[in-house]
Amino acid sequence: MSIDHPIFARWPAQYRDRIQLFSAPTPNGVKVGIMLEETGLAYEPHRIDIMANESHDPAFLALNPNGKIPAIYDPNGPGGKPLALFESGAILIYLADKSGLFLSADPAERYETIQWVMWQMGGVGPMFGQLGFFHKFAGRDYEDKRPRDRYAAESARLLGVLDGRLAERTWVMGDDYSIADISLLGWVRNLIGFYDAAEIVGFDRFGHVQRWLDAGLARPAVQRGLEVTAA
């Protein structure tokens, strides 16, 4: 199997037969670490220091021209050929298909699960991220609070959608834990933890989300996945 890629000039692979993970402990980054730990697929993690702009290193851009984490390189991809892949949602689907785990083989349930992953990618991630900027980071110093309030209101609305979904379900898809849950856990955790936005979104209203979050974070593979690129 080939592992000939410019990324390895900057981040060498010790285990050349394993999936290579390039990531950081952000809400998007931890999705893939969690998924790899949950599936048991053999992998080697590489921390990308985004604060040092390493995701814009030419070697990383050769793997992901968008310059964002996470990204993977699978030396044994489809047909036994190497596959480089970026975008966390796409990676979750790929790893689910590769492992046969956390994504139903039933076509209707499969697409419904992917629907919730896309909902996270297109709604929860961008909105929670903007709220983090305006509530915790540089944006908090802006005198005009309308942007913060806009993103707080939309984040609360999205939490309400998730809360309704979980009202009579253990996990997003029902009894079975899936990539839909994996895509969301890091973002909800970050919102009320690192972003310190629980009060501004009225998180106490969303009891089903809290119960789901507690159950997800209690999973040993989730605990490990949150840490794989943390140091």
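A salt bridge is a side-chain nitrogen of Lys or Arg within 4 Å of a carboxyl oxygen of Asp or Glu. In this predicted model, Arg224 and Glu37 form such a bridge, their closest N and O atoms being 2.7 Å apart. The pair links distant parts of the chain: Arg224 belongs to helix α10 (residues 220–225) and Glu37 to helix α2 (residues 29–39), 187 residues apart. Arg224 is partly exposed, because its relative accessible area is 41% and the partly exposed class lies between 20% and 50%.

A search of the whole structure finds 10 salt bridges. Another of them joins the side chains of Glu112 and Arg165, at 2.9 Å from N to O. Glu112 lies in helix α5 (residues 107–135) and Arg165 in helix α6 (residues 146–166), so this bridge ties together parts that are 53 residues apart in sequence. The two partners fall into separate accessibility classes: Glu112, with a relative accessible area of 30%, is partly exposed, whereas Arg165, with 13%, is buried. The side chains of Arg148 and Asp149 also meet in a salt bridge, at 2.8 Å from N to O. Here Arg148 is partly exposed with a relative accessible area of 24%, and Asp149 is partly exposed with 37%. Salt bridges also link Arg10, Glu54 and Asp57 in a network.

Side chains of opposite charge can pair when their charged atoms come close. How far from Asp181 is the nearest side chain of opposite charge? That side chain is Arg211, 7.8 Å away, and Asp181 is buried yet has no salt bridge. The 7.8 Å separation is to be set against the cut-off of 4 Å for a salt bridge. Asp181 is found in helix α7 (residues 179–192). Apart from neighbours within four places in sequence, Asp181 is in contact with Trp171, Val172, Asp176 and Trp212.

Aromatic rings provide another set of contacts, and a search of the whole structure finds 14 aromatic pairs. One is the edge-to-face pair of Phe8 and Tyr73, with 5.2 Å from centre to centre and 85 degrees between the planes. This pair links distant parts of the chain, with Phe8 in helix α1 (residues 7–10) and Tyr73 in strand β3 (residues 71–74), 65 residues apart. Both Phe8 and Tyr73 are buried. The rings of Phe134 and Tyr142 have centres 5.8 Å apart and planes at 75 degrees, so they too make an edge-to-face pair. Phe134 is buried, with a relative accessible area of 12%, while Tyr142 counts as partly exposed at 39%. Phe134 and Tyr142 belong to a cluster, linked by ring pairs, that includes Phe133 and Tyr151.

Arginines also lie over tyrosine rings. Arg18 lies over the face of Tyr15, at 3.8 Å from the ring centre. Arg219 has a similar placement over the face of Tyr177, where the distance to the ring centre is 3.6 Å.

The last residue to consider is Ser23, in strand β1 (residues 19–23). Is Ser23 buried or exposed? Ser23 counts as buried, because its relative accessibility is 0% and the buried class covers values under 20%. The side chain of Ser23 reaches the backbone oxygen of Gly29 at 3.1 Å. Not counting residues up to four places away in sequence, Ser23 touches Gly29, His46, Arg47, Ile48, Ile69, Pro70 and Thr229.

Note on methods
Residues numbered from 1 in each chain as written. Predicted model: local features only at pLDDT ≥ 70, side-chain atom pairs only at ≥ 80, totals over all residues. Heavy atoms only, no water. Helix = DSSP H or I, 4+ residues; strand = E, 2+ residues; numbered from the N terminus. Buried < 20%, exposed > 50% of the residue type's maximum accessible area, 1.4 Å probe, protein only. Lys, Arg positive; Asp, Glu negative; His and termini not counted. Contact = heavy atoms within 4.5 Å. Phe/Tyr/Trp six-rings, centres within 6.5 Å; stacked < 30°, edge-to-face > 60°. Lys NZ or Arg CZ within 6 Å of the ring centre and 35° of its normal. Polar contact = N/O pair within 3.5 Å; in protein donor to acceptor, adjacent residues only side chain to side chain.
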